[in-house]
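Please open the model in your viewer and keep the sequence panel beside it, since this tour moves from one selection to the next. At each stop, make the selection before reading on.

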Amino acid sequence: MSDVRYPFTAIVGMADLRLGLLLNAVSPAVGGVLVRGEKGTAKSTMVRALAGLLPSIATVDGCRFACDPAAPDPQCPDGVHAGSAAASERPAQLVELPVGVSEDRIVGSLDLERALSEGVKAYEPGLLAQAHRGVLYIDEVNLLQDHVVDLLLDAAAMGRSYVEREGVSVRHAARFLLVGTMNPEEGELRPQLLDRFGLTVEIAATRDPAERAEVVRRRLGYDADPAGFADRFAEDERALAERITTARELLPKVELTDAALRQITAVCAAFEVDGLRADIVMARTAVALAAWDGRTEVLEEDVRKAARLALPHRRRRNPFDAPGLDEEQLDRTLEEHRQEPEEEPEPPQGPEGEGPEGEGPDDGGDGGDGGGPDGGGAPEPTGPEAPPVEATDTPAAPDAPEQPVPAQHPSPARESAPVAAGDPYRTRLFAVDGTGRGAQGRRSPAETDGGHTIRARRPQGRLARLHLSATLRAAAPHQVARGRDSRALVLHKDDFREQVRQGRESNLVLFVVDASGSMAARQRMTAVKGAVLSLLMDAYQRRDKIGMITFRGASAELALPPTSSVEVGAARLESLPTGGRTPLAAGLLKAHEVLRIERLRDPDRRPLVVVVTDGRATGGGRDAVAQSHRAAGLLAAQGVASVVLDCESGPVRLGLARTLATRLRATAVTLDELRAEGVASLVRENRAITSTARKAA
């Protein structure tokens with residue numbers, strides 16, 4: 001890979017992304033930009049190209065935290081820098097955050113061993129220190145753990161990074177331009193994290209063949225001669241960099257008038273965004289837009305552009321909502337709160353007894369031309385135009401009852417169209433037994449970085465979380481032998497103990513859904529889809545990955561490969577067709593195969609299989625039931641945690657799903673038992689209160 005960056009001005013199209021990045025370069029206080037788009041759209045290329053446009057920065061020589069010699073950080077861990085400290089200039093840095101990054105790598109780490117044994121506060125800076133006064137780029141931000149994303153956004157908002165370990169603390173400045181990219185197909189960020197990004201931009205590859213050809217032509221030219229290709233755009237790059245510098249200098253002089261501020265707050269109120277962060281971000285963005293255009297006053301068009309960048313991701317209310325903005329509503333709101341409203345002339349008043357329109361005498365004054373029996377204000381057409389009007393009105397009465405009679409629709413639509421899901425509800429918690437070591441989440445018990453301390457152990461690698469009391473207990477018996485002659489403890493490396501914490505992990509929830517004809521009977525699929533949708537919501541809240549297998553007819557298919565995107569899962573569920581026989585064994589064998597592959601990819605993530613079926617097995621020949629039992633035995637033998645959602649209904653029940661649960665060594669629950677006990681008890685309590693009130697009345 002070449003060290004020469006792809007020029008920013010060489011990138012074709014993507015005007016919104018270009019503008020969002022440049023506005024953050026002008027005013028980092030905007031709060032960063034989140035770039036959402038499909039794979040292969042040059043998201044990362046444009047972000048990396050931006051760093052080359054930023055002005056160079058002056059730093060104190062030898063300072064690991066890039067302190068500005070004109071205004072050094074008084075809390076800099078490298079000491080207080082004198083005003084006469086030697087300084088030098090260097091380009092603004094682009095720091096890239098890897099997906100599997102640890103918290104210590106981000107904020108830095110304290111050497112607790114040296115702190116306790118030598119009394120030295122030894123601090124190793126992290127990526128936030130490197131990004132100070134530069135760009136922090138997070139590719140695939142939606143794949144990071146939530147607590148890591150929250151930590152990054154906290155630092156970006158406050159402009160400082162904090163490290164606290166066992167009473168030892170370090171803090172330093174961390175101001176940077178934050179850019180995150182993500183592919184929504186791989187899962188959404190949670191609304192509370194989306195809100196922390198200042199702007200968001202949606203991008204997609206162009207469908208224009210000529211534009212696509214130009215993109216390919218330029219990329220091939222860059223790959224063949226990076227330096228020569230960059231030289232072709234060097235003048236454009238210099239001009240753009242100078243414009244950024246000029247806009248930064250103009251920024252403090254831009255006036256945000258009261259009229260513009262009222263428009264901003266009116267738009268945020270009209271779109272019912274939560275909190276006031278959107279109002280603040282819009283105001284900062286509108287000011288940056290004015291500075292970018294070389295103006296000292298914010299205009300309505302600045303407010304409009306700011307809304308299109310700052311509001312779409314803040315409109316998302318639940319896990320299955322897609323970010324978006326209603327442009328017509330935006331136009332209406334801006335129109336209603338125009339910065340300089342034109343004075344509307346008062347409607348002319350007619351003589352006494354007439355309304356503002358002065359139409360009193362005309363309404364019904366003329367028997368023939370006043371609108372006839374319909375009472376319309378406009379005169380009826382006369383001459384040759386009158387008969388066609390009457391001719392069209394005449395058959396209206398017999399036509400009216402015929403319109404709502406779609407005789408051909410009902411039967412074929414019910415067979416081919418997917419059934420809509422019922423409303424979601426809060427479900428019971430299903431967890432995997434034992435203690436895992438998977439990614440932090442909210443479902444099953446696991447050893448995690450968070451949670452409560454359950455025991456101490458010798459450090460495995462670098463000491464991260466000191467267990468102070470265990471360390472002291474390990475060192476105490478050896479103090480005399482080590483010649484302790486003062487109040488300070490004599491500690492050796494073998495004395496140190498680290499904390500083992502237990503919290504909860506996220507799991508892979510694999511749905512195995514029966515979509516056969518028996519499930520479609522008596523609109524059972526509506527309740528079943530509602531139950532699965534509720535479990536999807538639960539998986540979202542517990543930070544799980546999900547997958548979906550469906551079986552019907554003669555086979556099973558992986559409808560949704562394991563992903564973090566519950567939105568895609570909900571969409572696949574909504575369009576799920578039903579019909580045919582029930583190849584239960586095929587569905588269970590497919591689950592066995594999917595879990596085998598996922599175990600190789602992510603061995604620490606424990607699975608939870610949710611089988612949604614009535615237990616019937618009619619596909620696969622005469623021994624279909626025996627095949628399904630053997631397939632269930634394969635999953636049970638591997639210790640896979642399972643839940644069988646028994647969808648059987650009606651007065652006569654065969655209990656086949658319960659038998660399957662026994663073979664799987666799984667928990668079996670009915671659709672009614674799936675609801676959370678707290679909700680069910682609350683409903684019962686409300687019913688009892690209502691019943692008592694009625695009796696008293």
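Begin by colouring the whole chain by pLDDT, for this is a predicted model, and its mean pLDDT is 80, with 81% of the residues reaching 70 or more. Among the elements of the protein, helix 12 (residues 277-292) has the highest mean pLDDT, 95, while helix 17 (residues 410-416) has the lowest, 37.

Next, select residues 350-416, where pLDDT stays under 50 and where the model has 17 contacts beyond four places in sequence. Then select residues 678-686, which also stay under 50 in pLDDT and for which the model has three contacts beyond four places in sequence.

Now switch to a cartoon view of the whole protein, in which the secondary structure comes to 25 helices and 20 strands. Of the contacts with a separation of 6 or more, 78% join residues that are 24 or more positions apart.

In which order do the strands of the open six-stranded sheet lie? The order is 17-16-15-18-19-20, and the pairing is mixed. Select strand 17 (555-563) and strand 20 (667-670), which stand at the edges; each has a single partner strand, so one side of each is left without a neighbour in the sheet. From one strand to the next, the twist averages 15°.

Stay with this sheet and select strand 15 (residues 508-514) together with strand 18 (residues 607-613), which pair in the parallel sense over six bridges. Within this pair, Phe511 stands opposite Val610 of strand 18. Add helix 22 (residues 584-601) to the selection, and you will find that helix 22 lies across strand 15, strand 16 (545-552), strand 17 and strand 18, running at about 30° to strand 17.

For the next stop, look inside the protein, where buried residues make up 43% of the 697 residues. In soluble globular proteins, nonpolar side chains tend to be buried together. The largest nonpolar core here has 64 residues, and those with the most contacts inside this core are Phe8, Leu21, Val179, Met282 and Leu311. Helix 12 gives the largest share of this core, eleven residues.

Which residues does Val179 touch, leaving aside those up to four places away in sequence? Select Val179 and look for its neighbours, among them Leu21, Val33, Val47 and Tyr137. Another core lies apart from the largest one and has 37 residues, including Val60, Ala129, Leu153 and Met182.

Finally, turn on the surface, whose accessible area comes to about 36000 Å², with 50% of it belonging to carbon and sulfur atoms.

Notes
Residues are numbered from 1 along each chain as its sequence is written. Side-chain values use heavy atoms; hydrogens and water are left out. pLDDT is the predictor's confidence in each residue, from 0 to 100. Helices (H or I, at least four residues) and strands (E, at least two) are DSSP runs, numbered from the N terminus. Contact means heavy atoms within 4.5 Å. Two strands pair if DSSP finds at least two bridges between them. Axes are lines fitted to C-alpha atoms, for helices over the stretch in contact, and angles run from 0 to 180 degrees between N-to-C directions. A nonpolar core is a set of buried Ala, Val, Leu, Ile, Met, Phe, Trp, Tyr and Cys residues joined through side-chain atoms within 4.5 Å. Buried means under 20% relative accessible area, exposed over 50%, partly exposed in between (1.4 Å probe, protein chains only). Accessible areas come from the Shrake-Rupley method with a 1.4 Å probe; for residues, only the protein chains shown count as cover.
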